[in-house]
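Please open the model in a viewer and keep the sequence panel at hand. The stops below may be followed in order, each beginning with a selection.

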Amino acid sequence: MPAPLGRGVEVRGRRFSSLTLRILAPNVVALAILVGGVFYLDQYRGALIEAKIAALQTQAEVVAGAVAESALSGPPESRAVDSRLAGRIVGRLIVPTGTRARLFDRDGTLLIDSRLLAGRDVQLRYLAADEPGNVATRLLSELYDWILPRLPSRGSLPTYVERVGQKAGDYGEAAGALAGEVGGVVRQDEEGGLILSVAAPVAELHGVLAALMLTADGRDIAENVRRVRVAVLEAFALTLVVTVLLSMFLAGTIARPVRRLAQAADQVRRWRGRRVTIPNLRHRKDEIGDLSVALGAMTEALYTRLDAIDAFAADVSHELKNPLSSLRSAVETLAVAPTPEQRERLFQIIKQDVARLDRLISDISNASRIDAEMSRAESEPFDLVALLVALVEVYRARHGEGGPELRLELSAPGPLEMEGLSSRLAQVVENLLANAASFSPPDGVVRLSLARDGAQAVLTVDDEGPGVPEEGGERIFERFYSARPAAEGFGHHSGLGLSIAKQIVEAHGGRIEVTNRRDEAGGILGARFVVRLPV
């Protein structure tokens with residue numbers, strides 16, 4: 001059931017269009033996913049760790065070689081590491097680099113710890129980078145520091161544990177170095193920072209004499225990764241601003257005209273007799289422009305339909321009023337009629353008026369159903385030639401020998417396929433044939449011919465009647481217009497037959513015309529109706 005006038009879906013102006021959000025969201029989400037992946041892709045971080053491990057291994061092998069060359073004492077068969085000499089070498093080569101060095105002898109005992117050289121317990125820490133001066137960069141750095149601890153863990157590293165009285169066996173890489181292998185391990189401290197350790201053997205010809213383990217803080221790696229990620233966030237922020245602006249511009253070019261069209265359509269729905277003009281956006285040359293043209297055409301068709309309904313209602317009211325007035329007058333007069341002859345005459349008038357009302361109501365109902373049926377029914381292909389042959393046979397069977405002769409002339413053999421409602425087009429032909437037969441003399445000829453003109457089928461009906469008025473001949477297609485032969489009497493036709501025929505033809509995309517046929521001297525031979533239909 002349609003909504004009452006003035007109710008239904010309201011079109012409201014929104015501060016922020018949902019269409020804008022739908023355009024903006026996929027762009028921003030895709031960008032956020034891309035940037036979020038930076039926090040999970042550890043190739044750069046892994047490469048830095050591998051590079052530092054390789055550098056520590058090289059450094060450990062160099063220092064272990066120096067200790068093996070310059071810090072051994074004792075006879076050749078029982079040489080051992082001189083901790084005093086080894087401490088000097090470590091102090092010269094390791095301490096300035098900020099790397100911690102520990103030397104374990106062959107039984108795993110700790111001989112040297114660079115943090116305890118010269119009696120000082122020195123622990124090197126990397127200072128935090130200076131806060132950037134740019135406000136935007138500082139905000140992004142704070143955002144990074146807030147996001148990073150909240151990210152899901154990507155896998156745990158072994159925790160670095162330093163026991164009191166530590167031995168080589170506490171560290172796998174040191175134990176491996178005593179076995180003659182060079183290896184490295186990455187651990188994390190209690191705060192989650194990286195601890196990188198590498199161990200190399202101190203060896204001479206008779207075997208491994210000690211193990212040198214170098215340990216470095218990984219905070220420089222974390223800081224480098226942090227700088228890269230903050231730089232990515234800066235690029236993301238700039239890209240985000242550009243994406244938002246472009247998305248809003250794109251949405252504006254779509255949402256604003258669509259909103260204008262929606263508001264205009266809503267005004268049409270609330271129509272109170274004032275025509276609403278749909279915005280014409282044809283100049284856009286896109287789908288929205290096509291939509292505005294389609295809405296404009298639809299609105300114009302709606303107004304045309306409403307005007308037709310108003311005119312039809314006025315015509316119906318006028319046509320029904322005449323027989324009703326005559327009927328009322330006859331009924332009122334019947335009660336005071338003095339003679340039986342007058343009462344009989346009044347009874348005849350009443351019967352004629354009732355019959356006329358019945359015909360009017362039937363034809364009005366038929367005309368009202370046609371429009372709805374044409375809009376709902378599905379077109380189907382049919383053969384126009386076969387349809388005309390069947391209608392001619394029905395006509396001949398119905399009229400027999402008591403009317404004008406009907407002749408069918410086909411200019412092109414074979415079927416003529418077209419799309420439409422064959423039953424309604426049959427009604428058009430029947431109306432035209434009935435009209436032609438009513439105006440032609442009983443011994444006359446009605447000609448029904450069919451020809452093809454390019455993409456059109458041309459249907460012609462000729463009669464031998466008096467023709468149509470020279471001026472205003474098109475009036476015969478108006479509703480309730482009737483100019484019947486005098487012999488038929490008044491009220492036998494409602495004047496809707498040709499109007500219905502025109503309505504059906506135009507619904508099929510065709511047109512109907514009427515002219516007079518003339519002889520060489522200019523005399524009227526009869527009327528000619530021409531129907532053109534697309535095939």
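Select E162 in this predicted model. Is E162 buried or exposed? E162 counts as partly exposed, because its relative accessibility is 33%, and the buried class requires a value under 20%. Add R102 to the selection: R102 forms a salt bridge with E162, and the closest N and O atoms are 3.8 Å apart. This pair links distant parts of the chain, as the two residues are 60 residues apart. E162 belongs to the loop between α4 (135-147) and α5 (172-178), while R102 belongs to strand β3 (residues 100-105). In contrast to its partner, R102 is buried, because its relative accessible area is 0%.

Next, select D113, in strand β4 (residues 110-113). D113 is buried, because its relative accessible area is 7%. Show A101 as well: from C-alpha to C-alpha, A101 and D113 lie 5.9 Å apart in space, with their positions 12 residues apart in sequence.

Now turn to D170 and R163, whose side chains meet in a salt bridge of 3.7 Å, N to O. D170 is partly exposed, because its relative accessible area is 29%.

The tour continues in helix α6. Select R226 and E223, which form a salt bridge with their closest N and O atoms 3.8 Å apart. How many residues apart are R226 and E223 in helix α6? They are 3 residues apart, about one turn of the helix. An α-helix has 3.6 residues a turn, so residues three or four places apart point the same way. Both R226 and E223 are buried. Another group joined by salt bridges that share partners consists of R100, R102, D113, R115 and E162, which form one network. In total, the count comes to 15 salt bridges.

Remain in helix α6 (residues 219-269) and select V242. V242 counts as partly exposed, because its relative accessibility is 40%. Add L238 and L246 to the selection: together with V242, they make a nonpolar surface patch of about 300 Å².

For a surface patch of another character, select E378, E380, E417 and E419, which gather in a patch of negative charge. E419 is placed in strand β10 (residues 417-420). E419 counts as partly exposed, because its relative accessibility is 48%.

Proceed to D463, in the loop between β12 (456-462) and α11 (497-507). Which side chain of opposite charge is nearest to D463? That side chain is R517, 5.5 Å away. D463 is buried yet has no salt bridge, because a salt bridge requires a nitrogen and a carboxyl oxygen within 4 Å. Show A527 too: the backbone nitrogen of A527 lies 2.7 Å from a polar atom of the D463 side chain.

The last stop is helix α11. Select L498, S499, I500, A501, I504 and V505, the buried residues of α11. Then select G509, which follows α11 and has a positive phi, near 80°.

Technical notes
Residues numbered from 1 in each chain as written. Predicted model: local features only at pLDDT ≥ 70, side-chain atom pairs only at ≥ 80, totals over all residues. Heavy atoms only, no water. Patch = residues over 30% accessible without salt bridge, like charges linked within 9 Å, V, L, I, M, F, W, Y side chains within 5 Å. Areas by Shrake-Rupley, 256 points an atom, 1.4 Å probe, with all protein chains shown as cover. Lys, Arg positive; Asp, Glu negative; His and termini not counted. Charge placed at Lys NZ, Arg CZ, Asp CG, Glu CD. Helix = DSSP H or I, 4+ residues; strand = E, 2+ residues; numbered from the N terminus. Buried < 20%, exposed > 50% of the residue type's maximum accessible area, 1.4 Å probe, protein only. Polar contact = N/O pair within 3.5 Å; in protein donor to acceptor, adjacent residues only side chain to side chain.
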